[in-house]
Amino acid sequence: MSTPATHPLVGIVMGSTSDWEVMQHAARSLADFGVSYEARALSAHRTPDLLIEWMEGLIKQGVKCFIAGAGGAAHLAGVVAAKTTLPVLAVPMPSKHLGGLDSLLSMVQMPRGIPVATFAIGDAGSANAGLFAVAMLALEDESLAKKLTAFRQKQADAVRAARLPELK
Ligand code: RP5
């Protein structure tokens with residue numbers, strides 16, 4: 001799923017390998033900025049012990065935050081947040097029957113005291129969770145902060161240069 005970095009700064013976890021199509025966008029954001037990460041499919045309900053074991057291993061290696069993607073009754077991010085005080089960024093998966101609204105509400109409605117930062121459903125939320133992790137890391141990494149500024153500038157330039165098509 002991804003090459004494990006020696007000392008990953010971000011842990012990406014998803015409830016199923018079927019989530020990878022969406023979660024790869026978080027990984028892509030991190031990779032584009034040269035941020036090390038480790039990504040695993042581990043479930044809060046299917047493999048709870050393995051999930052905690054994996055988290056503890058990454059925490060020992062100095063991971064700075066977790067990104068958790070899950071669908072349906074999506075409790076993965078909440079369980080991760082229950083086991084660490086590191087920031088947890090949650091990405092709701094678009095689900096088959098409810099379009100991801102179930103995933104979104106499960107994540108965003110965390111009870112008081114154990115926060116998770118919930119992003120948009122699907123690809124954009126996944127990419128943005130990666131970018132948000134970059135922004136957090138950039139607080140203490142000047143070269144990363146410069147890359148983020150350049151990225152924003154490039155986006156702005158693309159919008160400025162965009163032209164609408166002629167009327168048909
Ligand atoms: C959740 O159930 C996963 O996060 C996934 O989004 C959903 C479906 O999982 P699979 O049945 O595809 O493994 O736990």
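Which residues lie nearest the centre of the largest pocket?

## The largest pocket

In this predicted model, the residues nearest the centre of the largest pocket are K64, M136, L137, L139 and E140. They belong to a lining of 14 residues, and the pocket holds about 290 Å³ of space.

What's the mix of classes in that lining? Nine of the residues are nonpolar, two are polar and three are charged.

## Where the ligand sits

Now for the ligand: you'll find it in the second largest pocket. That pocket has about 230 Å³ of space and a lining of 18 residues. Nearest its centre are G15, S16, D19, A70 and G71.

By class, the lining of the second largest pocket comes out at seven nonpolar, nine polar and two charged residues.

## The shell around the ligand

Which residues are around the ligand? Going along the chain, they are G15, S16, S18 and D19, then H45 and R46, then A70 and G71, and finally M93. Sorted by class, this shell has two nonpolar, five polar and two charged residues.

G15, S16, D19, A70 and G71 turn up here again: they are part of the ligand's shell, and they also lie nearest the centre of the second largest pocket.

## Polar contacts and cover

Three side chains are worth a look on the screen. S16 has a polar side-chain atom 2.7 Å from an oxygen atom of the ligand, and a polar side-chain atom of S18 also lies 2.7 Å from a ligand oxygen. For R46, the distance from a polar side-chain atom to an oxygen atom of the ligand is 3.1 Å. As for cover, the ligand on its own has 360 Å² of accessible area, and the protein covers 65% of that.

Notes:
Residues numbered from 1 in each chain as written. Predicted model: local features only at pLDDT ≥ 70, side-chain atom pairs only at ≥ 80, totals over all residues. Heavy atoms only, no water. Near = heavy atom within 4 Å. Polar contact = N/O pair within 3.5 Å; in protein donor to acceptor, adjacent residues only side chain to side chain. Areas by Shrake-Rupley, 256 points an atom, 1.4 Å probe, with all protein chains shown as cover. 1 Å grid on protein atoms, 1.4 Å probe; cavity = no way out; pocket = protein on both sides within 12 Å on 5 of 7 lines; lining within 4 Å. Sits in = over half its atoms within 2 Å of the grid points. Nonpolar A, V, L, I, M, F, W, Y, C, P; charged D, E, K, R; others polar. Points joined across faces, edges and corners; volume = space filled by probe spheres on them.
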